[in-house]
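Got the viewer open? Let's walk through some helix packing and then step across to where the chains meet.

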Amino acid sequence: MGAMEFRYEVEGGNFSKAGHASSAVKKILKQLNVDARIIKRVVVALYEGEVNVVAHAHKGHILVNINEDEIGISIIDQGPGIPDIDLAMQEGFSTASAAVREMGFGAGMGLPNMKKNTDNFEIESQVGVGTTVRMTTRLS
Amino acid sequence: MKVRDIVQLLKGRIVAGSDMQDREVQYGFASDLMSDVLTLDTDHLLLITGLANLQVIRTAEMADIMCVAFVRDKKVSPEMIELATENHIVLLETPYSMFRAVSVLHDNGLEPVY
């Protein structure tokens, strides 16, 4: 199969739409007959990332690249950024609002769980500009 | 145990996926924290929760959770039912508290994840 590329828009603050991109990517990976356990790792990491954009940023977009060997996902947002990435990567650290916590998120588990579920995970952020997460997972 | 056993034990009402009651469930996990649910790597899982919103169904979709029980008669919305049906997830409402639901299911052989 050739390389495939997809792009999804994410609206900050719109919790009713959080998960649309993850759901679409899950359907694509199922159609490609990727192992169910690998699909779960990929979509859990992507969903956590999508929720992060909805919870913290003004808006963002997701770029997905799939080839025979791996899936690459970039989550790029325009938002407040993360002043201290090492702190944000610590389990239990969160700056989420009460509204986000009421949705069942904001316990400071998202970024560490994204890292856990991917083979390669990179995050960079500029305060006042936004955050970009790049992650890659092997498909076999 | 089967989904139909869970419905009976919890005096529950199926609101989505009533055609999937023969599915086998082996483990139970009770939480209102979806971030915690997303860290699980367990198949044949029932999620017991008091949180009723669309993200619970999204979480179940991503984590391959086949059945969700909403305790204390938390009402499932039409949007939640639609999303669950699309993803073949069984939803049930029970009047029991989370504590009672967990203890009844554990007494009858549903296993904990940790």
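Start in chain A: select A:H20, A:A21, A:S22, A:V25, A:K26, A:L29 and A:K30 in α1(A), then A:I39, A:V42, A:V43, A:L46, A:Y47 and A:E50 in α2(A), and you have the two sides of one helix contact. Contact here means heavy atoms within 4.5 Å. Sorted by class, this patch has eight nonpolar, two polar and three charged residues. In that sorting, Ala, Val, Leu, Ile, Met, Phe, Trp, Tyr, Cys and Pro are nonpolar, Asp, Glu, Lys and Arg are charged, and the others, Gly among them, are polar. Helices are DSSP runs of H or I with at least four residues, strands are runs of E with at least two, and both are numbered from the N terminus.

A word on what you're looking at: this is a predicted model, in which local features need pLDDT of at least 70 and side-chain atom pairs count only at pLDDT 80 or more, while totals for chains, interfaces and linings use all residues. Residues are numbered from 1 along each chain as its sequence is written, chains are lettered from A and ligands numbered from 1 in the order in which they are written, and side-chain values use heavy atoms, with hydrogens and water left out.

Now look at the geometry of that pair. α1(A) and α2(A) pack at about 165°, their axes 8 Å apart, which makes them roughly antiparallel. Axes are lines fitted to C-alpha atoms, for helices over the stretch in contact, and angles run from 0 to 180 degrees between N-to-C directions; under 35 degrees counts as roughly parallel, over 145 as roughly antiparallel, 65 to 115 as roughly perpendicular and the rest as oblique.

Next, bring in chain B. Select α3(B), residues 54-62, with α1(A), residues 20-31: their angle is about 25° and their axes are 11 Å apart. That makes α1(A) roughly parallel to α3(B). To see the touching residues, pick A:H20, A:S22, A:S23, A:K26 and A:K27 on one side and B:R58, B:E61 and B:M62 on the other. This contact has one nonpolar, three polar and four charged residues.

Keep α3(B) and swap in α2(A). Here the angle is about 150°, with the axes 9 Å apart, so the pair is roughly antiparallel. The residues to highlight are A:K40, A:V43, A:V44 and A:Y47 against B:Q55, B:R58, B:T59 and B:M62. They divide into four nonpolar, two polar and two charged.

Zoom out to the whole interface. How many residues does the contact take from each chain? It takes 22 from chain B and 25 from chain A. Together the chains bury about 2,000 Å², 49% of it on carbon and sulfur atoms; buried area is the accessible area (1.4 Å probe) that two parts lose on being put together, summed over both. On the chain B side, B:L38, B:Q55 and B:M62 lose the most area, together 33% of what that side buries.

Last stop, salt bridges (a side-chain nitrogen of Lys or Arg within 4 Å of a carboxyl oxygen of Asp or Glu). Four cross the interface. Show B:D43 and A:R37, whose closest N and O atoms are 2.9 Å apart.
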